[in-house]
Amino acid sequence: MELRKLTAAGLAAKIKTKEVTVMQAAQAMFDSMEEREGLYHCYVTVDREAALKKAEEIQRSIDSGDLAGPLAGVPVAVKDNLCTRGLLTTCSSKILGNFIPPYTAEAVRNLEKAGALVIGKTNMDEFAMGSTTETSAYGITRNPWDAGRVPGGSSGGSAAAVAAEECFAALGSDTGGSIRQPASFCGVVGMKPTYGTVSRYGLIAYGSSLDQIGPISKDVTDCAVMLEAIASHDEKDSTSVPRKDTDFTSALTEDVQGMRIGIPRDYFGGGLDADVAEAVRRAAGILAKKGAVVEEFDLSLVEYAVPAYYTIAAAEASSNLERFDGIKYGYRTGEYTGMHNMYKKSRSEGFGAEVKRRIMLGSFVLSSGYYDAYYLKALKVKALIKKAFDRAFSGYDLILGPVAPTTAPKLGESLADPVKMYLGDIYTIAVNLAGLPAVSLPCGKDTEGLPIGLQLIGDCFQEKTVIRAAYTYEKARGEFGTPFPENGSVTVPEGKEG
């Protein structure tokens with residue numbers, strides 16, 4: 001039995017029946033890292049000694065009967081913008097290169113309460129600003145399906161770690177598709193819950209009205225298990241919503257009979273790869289055969305989502321990142337003359353190019369004379385997009401479409417044209433603007449063997465409907481496979497070492 005091939009729920013079951021120990025599961029992940037991490041670079045920080053010590057504690061709690069849940073003893077990874085007490089948390093930025101938080105994010109605490117073992121912090125686009133995990137100050141992450149391609153972003157490290165079998169599941173954050181798009185590129189499952197379902201306490205903010213923490217996993221079952229563990233009302237987060245319907249695993253049933261699913265015509269226009277369009281339509285056909293009523297409709301306003309999102313997100317980023325000034329924590333320049341010069345040099349040296357670009361854009365749209373012309377208009381468009389989704393959900397239970405217009409691009413292609421990279425978020429960002437839940441799961445491969453993601457979008461607080469449809473499709477699709485043959489060996493593409 002090769003442990004790393006198991007799902008999180010499958011591993012937990014074996015730990016419960018004493019076929020496997022928590023220490024063995026953790027060691028299997030560290031062995032996998034030793035073999036593969038040099039190529040894929042999924043992690044920024046791993047504290048092996050502390051993790052193995054914690055594994056022994058968890059094992060004792062399982063043996064005593066104090067821990068018995070579906071995540072007890074499961075090694076998981078956490079995106080590096082989620083604070084972890086005593087463990088380096090950098091947002092993959094030089095400016096936080098020495099930041100060790102005094103507290104742990106609520107979502108991570110919930111995972112730990114469920115008995116999960118946090119084994120490391122995953123690489124990401126700096127401050128979650130990017131779609132490729134190439135803007136990290138600590139080096140790029142590679143896609144386990146093709147080391148010459150990006151894993152997506154900004155949660156690319158988490159998605160790649162799950163795909164590379166370097167953890168059993170992971171947490172990411174989604175501001176405009178940053179869980180769903182890397183899940184699509186890496187052939188795993190990723191879910192963005194309804195805004196307010198998972199506490200943002202301890203999440204280092206990018207766009208506060210858009211950010212939401214969610215799970216990345218090998219299958220839909222693990223996704224539901226993870227979401228059920230991390231969802232909670234939190235008084236420390238003013239945007240947290242009290243919910244009583246967070247028993248998400250109850251939705252793991254094969255039943256879409258009579259479910260009304262709408263496919264936006266707007267999602268199948270120019271720019272969508274033929275392979276992606278075909279795979280998504282084929283998935284819709286499978287759901288129709290299972291009893292769902294599938295039809296096309298006009299969603300409208302899709303073309304306005306990208307400019308509205310980047311205006312709002314950049315504005316919020318410029319405000320949120322003001323706190324990183326070299327005074328209380330983080331990087332401070334070595335030589336400066338006076339306080340203002342220290343601010344300027346610390347931020348100039350500490351932030352990367354993409355972060356600077358978005359801070360400047362955000363400062364511009366919030367500045368006097370441009371606030372009404374840009375930011376206020378973007379907020380109005382956001383409200384119109386929410387109304388468009390409300391109209392759609394008056395007639396449909398779910399919306400089905402692609403996650404991204406293409407499969408994973410080659411390394412370096414996206415950063416050469418930032419605007420094209422931004423436009424690649426066209427199918428995911430409207431979900432964040434409207435605060436909706438959505439899941440990405442594999443639905444096929446393109447002609448080069450790269451994964452294609454199917455996106456299922458639900459109305460607010462309808463995660464169970466999303467999970468039920470995703471689970472039904474996954475069971476009908478069958479096993480998707482992994483980037484690795486059964487012997488687990490890694491083939492390094494020529495010229496891609498390091």
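Good morning. I begin with two helices: α9 and helix α11, residues 353-366, pack at an angle of about 100°, with their axes 7 Å apart. The two are therefore roughly perpendicular to each other. I should say at once that this is a predicted model, and what follows should be heard in that light.

On the α9 side, the residues that meet α11 are Y310, T311, A314, A315 and S318. Facing them from α11 are R358, I359, L361, G362, S363, V365 and L366. By character, the residues of this contact divide into 7 nonpolar, 4 polar and 1 charged.

α11 also meets helix α12, residues 371-393. Here the axes come within 7 Å and cross at roughly 105°, which makes α11 roughly perpendicular to α12. F364, V365 and L366 of α11 make this contact with Y371, Y374 and Y375 of α12. The residues involved divide into 6 nonpolar, with no polar and no charged ones. V365 and L366 thus appear in the contact with α9 and again in the contact with α12.

Let me turn to the interior. The largest nonpolar core has 152 residues, and those with the most contacts inside it are F127, F389 and L456. Helix α9, residues 302-320, supplies the largest share of this core, with 10 residues. What does F389 touch, leaving aside residues up to four places away in sequence? Its partners are Y267, L299, I399, A430, A434 and L436.

A residue of α9 worth following is A305. With a relative accessibility of 2%, A305 counts as buried. Beyond four places in sequence, A305 touches I385, I429, A430 and L433. A430 is therefore a point to look for on screen, since A430 is listed among the partners of A305 and among those of F389. By contrast, the C-alpha atoms of A305 and G97, which lie 208 residues apart along the chain, are separated by 34 Å.

Now the sheet. There is an open sheet of 11 strands with mixed pairing, in the order β1-β3-β2-β4-β6-β5-β10-β11-β9-β7-β8. The edges are formed by β1, residues 43-45, and β8, residues 293-297; each has a single partner strand, so one side of each is left without a neighbour in the sheet. On average, and ignoring direction, neighbouring strands are turned by 30° against each other.

At the β1 edge, the pairing with strand β3, residues 117-122, is antiparallel over 2 bridges. There, Y43 stands opposite T122 in β3.

Further into the strand order is β4, residues 169-174. Is this strand enclosed or open, and how many of its residues are buried? 6 of its 6 residues are buried, so β4 is largely enclosed by the rest of the structure. A169, L171 and S173 point one way from β4, while A170, G172 and D174 point the other way. This follows the general rule that side chains in a regular strand alternate between the two faces of the sheet.

β4 has a partner on either side in the strand order. With strand β2, residues 75-79, the pairing is parallel over 3 bridges, and V78 stands opposite L171. With strand β6, residues 212-217, the pairing is antiparallel over 6 bridges, and G214 is the bridge partner of G172.

Finally, helix α4, residues 106-113, lies across β2, β3, β4 and β6, and runs at about 160° to β4. Thank you.

How values were computed
Residues numbered from 1 in each chain as written. Predicted model: local features only at pLDDT ≥ 70, side-chain atom pairs only at ≥ 80, totals over all residues. Heavy atoms only, no water. Core = buried A, V, L, I, M, F, W, Y, C linked by side-chain atoms within 4.5 Å. Buried < 20%, exposed > 50% of the residue type's maximum accessible area, 1.4 Å probe, protein only. Helix = DSSP H or I, 4+ residues; strand = E, 2+ residues; numbered from the N terminus. Contact = heavy atoms within 4.5 Å. Axes fitted to C-alpha atoms, helices over the stretch in contact; angles between N-to-C directions. Parallel < 35°, antiparallel > 145°, perpendicular 65-115°, else oblique. Nonpolar A, V, L, I, M, F, W, Y, C, P; charged D, E, K, R; others polar. Pairing = 2+ DSSP bridges.
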